[in-house]
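Here are some comments for a colleague at the bench who would like to go through the model with the coordinates open. Please read them beside the structure.

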Amino acid sequence: MKKSERHIFINGKIFTSDDRLPYADSMVVEAGRIVWIGTGADMPKEYAELIAGQPHTEDGCSSVTDLKGRRVIPGFVDAHMHPVMLADFRRKITAMPPEINSIEDLVEAVRKRREQQKAGEWIEGWGYDEQGLLEKRSPTRYDLDRGCSDSPVSIMRTCAHIRCVNSMALKLAGIDRNTPDPPGGEIERDENGEPTGVLKENARNLIVPLMPQESVEQHVDNLMELGQVLTSQGITTICDMGNLDESDNIPVYEAAAKRGFHQRVGVYYMWDFFADDKAFRIPPERLDRNRQIFAAGLKLIGDGSISGRTAWMDRPYYGSEDEYGISVCSDHLVETAVAFCKENHCQLSMHAMGTRAIARMIDRACQEAPWTTGDIPYVRVEHVTDPSKDSITKAAGHGISFVSQPIFPYAESKSYLSNLGADWLKQCYPYKDMLDAGVSLGFSTDAPATFWSDPSDPFPGLKLAVTRTAADGSDCGKDQAVDIETAIRLYTTGSAQAAGFPDTGMLAPGYHADFAVLSDDILNIPAEDIDKIKVIQTYVDGQCVYER
């Protein structure tokens, strides 16, 4: 079937994410858009007559597809991830279970990688979390040195805000006991003042200029493989929230799209790397949100992560009296980012996990009148782990959207318990309070900055939102649970609205015909089984782009 043809879907259990018509069993698609949706009994005569004269298939190859009573939901909108990074990381050492469960496992993985390449070539990995390692501590330069001492080694923590490097990498970067901490960063040191190899927040960037950069062609190849993974998970729309360097991902996506990459993509530029480049511009045509690949705006990093104890909180971390995390964003970055977004009428994304960072970003945003057009939130706040009631109220009143990751407490509960304690964990991610206050809220994964072996999988996050129970059984605050229909809305229309994707995220007339056909009826199974669901088929613009 060509995208321009008419296609009718019948006999489905369709959940639309549209409050005006939440349920349907049939829909009609023309030129990739839904032109009608409802029940077969109410189908307009012209479509009903077409059905009578056409064969019915299950694979989308005919103009009529019989969904055979399966549950259908809109395609997932992952409004916060780092797809190019994730695509590249998939080729690096994965420092998390089931492959790696201890520092000794990591040392052995580094040793094996060194055996496969020459001395002096970088060895990279990602994904470790201290609480997921047998030793319950971060690896250090000395650990990595045991794996390899004649090549630089860099292992990124799961949150992507901390990296651990070996002695050779420190030497190449000129980092020693006399090197000062950069603004908004920390070079961790031992009791003798020597760097341990752990580089936190902005200090992690001291290594970046020395690391090898993959070619656009390599990025595209990696992205094409990831695109297949995303379609297999029912993910049809994504946001790329920036790199750890000044590279531009839009040409990578455009090249991938020419080769058949299916997802719609909103790309954000990490402002840290562009603020002082007076020549930096976003071409106006890139800002057209009707393009498959478009520039959505800028991203700021306001603080760190809970699992890394660097999110900027308003009370000390568990077991400490004076450890509040790190504020990593200068006033200069905030003010120049606001000015740029106002001038270009694009969205400003603000990473803020801790209470203080959230309040700082929201209070600054509230000083401005919205500068975007239509229903696009002018500011979106990322993660929003421990917001105050005041911040929630202000965000709702000023049209500031929240994009959060329920996979974090689900997969990282051991770190949350260690860093916050059981009571504080229950107060994190107050989704019900946000919705009751009227906040525009969307879900996402932040993959690969997720301590989960399949970081882009949406179903574990849905499960946490509904059960408020972590993978290890920890109670994450059941009073903030939402029902499964709400959770799906937050991962579809909620995310699309928070990020400003037009005509995306619900199954309604005029919207893109992006949807997933599921193995089980997600609305009518025990909540503890939500993560067992698989995607059977994925459609983009009415065309089947994946079949299990």
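The points below take up a helix pair, a buried strand and an open sheet.

1. This is a predicted model, and the residue numbers count from 1 along each chain as its sequence is written.

2. Helix α15, spanning residues 459–467, and helix α16, spanning residues 484–491, have axes that come within 9 Å and cross at roughly 135°. Since angles over 145 degrees would count as roughly antiparallel, this crossing makes α15 oblique to α16. The crossing in which α15 passes α16 is right-handed.

3. Where these two helices touch, α15 contributes L462, A465 and V466, which meet I484, A487, I488 and Y491 of α16. Sorted by class, this contact of α15 with α16 comprises seven nonpolar residues, with no polar and no charged ones.

4. Strand β9, residues 76–81, has six of its six residues buried, and it is therefore largely enclosed by the rest of the structure. β9 is joined by four bridges to strand β16, residues 235–240, and the two run parallel; within this pairing, V77 has T237 of β16 as its bridge partner.

5. An open sheet is built from six strands in the order β10-β11-β12-β13-β15-β14, with mixed pairing. Its edges are held by β10 (93–94) and β14 (185–189), and because each has a single partner strand, one side of each is left without a neighbour in the sheet.

6. At the β14 edge, which strand is joined to β14 by four bridges? The partner is strand β15, residues 195–201, and the two strands run antiparallel, with K200 in β15 as the bridge partner of E186.

Terms used: This is a predicted model: local features need pLDDT of at least 70, side-chain atom pairs count only at pLDDT 80 or more; totals for chains, interfaces and linings use all residues. Side-chain values use heavy atoms; hydrogens and water are left out. Axes are lines fitted to C-alpha atoms, for helices over the stretch in contact, and angles run from 0 to 180 degrees between N-to-C directions. Angles under 35 degrees count as roughly parallel, over 145 as roughly antiparallel, 65 to 115 as roughly perpendicular and the rest as oblique. A crossing is left-handed if the near helix is turned anticlockwise from the far one by less than a right angle, and right-handed if clockwise. Contact means heavy atoms within 4.5 Å. Ala, Val, Leu, Ile, Met, Phe, Trp, Tyr, Cys and Pro count as nonpolar, Asp, Glu, Lys and Arg as charged, and the others, Gly among them, as polar. Buried means under 20% relative accessible area, exposed over 50%, partly exposed in between (1.4 Å probe, protein chains only). Two strands pair if DSSP finds at least two bridges between them.
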